[in-house]
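Thanks, everyone. I'll keep this short. Have a look at the structure on the screen first.

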Amino acid sequence: MKRLHVHVSVDDLAKSIQFYSTLFAAEPSVTKSDYAKWMLEDPRVNFAISQHGSDAGIRHLGIQVEDRAELADVYSRLQRAEAPILEEGATTCCYAQSEKSWIADPQGIQWETFLTVGDSTTYGSAPA
């Protein structure tokens with residue numbers, strides 16, 4: 001089952017963790033010095049915040065999948081969207097090891113599609 005992903009850049013991580021923990025009535029499932037993530041079931045969202053990025057606000061959106069079959073399905077839809085795709089492949093980002101691709105919508109909003117395959121001790125890097 002797919003999960004919506006939202007990544008927001010924040011100025012004050014501690015204040016933002018407090019706000020979103022109250023809003024979601026849940027503590028983050030991952031907390032680092034520069035990053036926090038909630039894996040919510042209702043609604044089914046991977047919501048992440050970090051102090052990475054130049055401006056506070058939505059950094060990117062995405063679709064997280066649970067297996068390679070779902071990843072292949074989403075990748076095929078990206079190809080039909082008729083926009084340039086950045087096939088990043090295996091990468092480390094947001095303290096996770098993933099396989100991912102990126103596409104921008106007509107307004108320029110970055111979308112990632114990804115399958116998380118493991119944890120990482122480093123934040124890593126991402127093109128968006």
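One term before we start: contact here means heavy atoms within 4.5 Å. And keep in mind that this is a predicted model.

Let's take helix H1, residues 13-24. By that contact criterion, the buried residues of H1 pack against three strands: S2 (30-32), S3 (35-41) and S4 (44-50). Which residues of H1 are buried? They are Leu13, Ser16, Ile17, Tyr20 and Ser21. Seen down the axis of H1, these buried residues fall within an arc of 130 degrees, so they line one face of the helix. The general rule helps here: an α-helix has 3.6 residues a turn, so residues three or four places apart point the same way.

Now turn to the other side of H1. Ala14, Lys15, Gln18, Thr22 and Leu23 are exposed there.

Next, the length. H1 has 12 residues, and at 1.5 Å a residue they should span 16 Å. The end C-alpha atoms are 16 Å apart, which agrees.

Look at the two ends. At the start of H1, a side-chain oxygen of Asp12 comes to within 3.3 Å of the backbone nitrogen of Ala14. After H1 comes Ala25, with a positive phi, near 55 degrees.

On to the strands. S1 (residues 3-9) and S5 (residues 57-65) run antiparallel, joined by 7 bridges. His7 has His60 in S5 as its bridge partner. S5 also pairs with S8 (residues 110-119). That pair runs parallel, with 5 bridges. Here Gln64 has Phe114 of S8 as its bridge partner.

That's my tour. Over to you.

Methods
Residues numbered from 1 in each chain as written. Predicted model: local features only at pLDDT ≥ 70, side-chain atom pairs only at ≥ 80, totals over all residues. Heavy atoms only, no water. Pairing = 2+ DSSP bridges. Helix = DSSP H or I, 4+ residues; strand = E, 2+ residues; numbered from the N terminus. Expected span 1.5 Å × (residues − 1). Buried < 20%, exposed > 50% of the residue type's maximum accessible area, 1.4 Å probe, protein only. Arc of directions from axis to C-beta. Polar contact = N/O pair within 3.5 Å; in protein donor to acceptor, adjacent residues only side chain to side chain.
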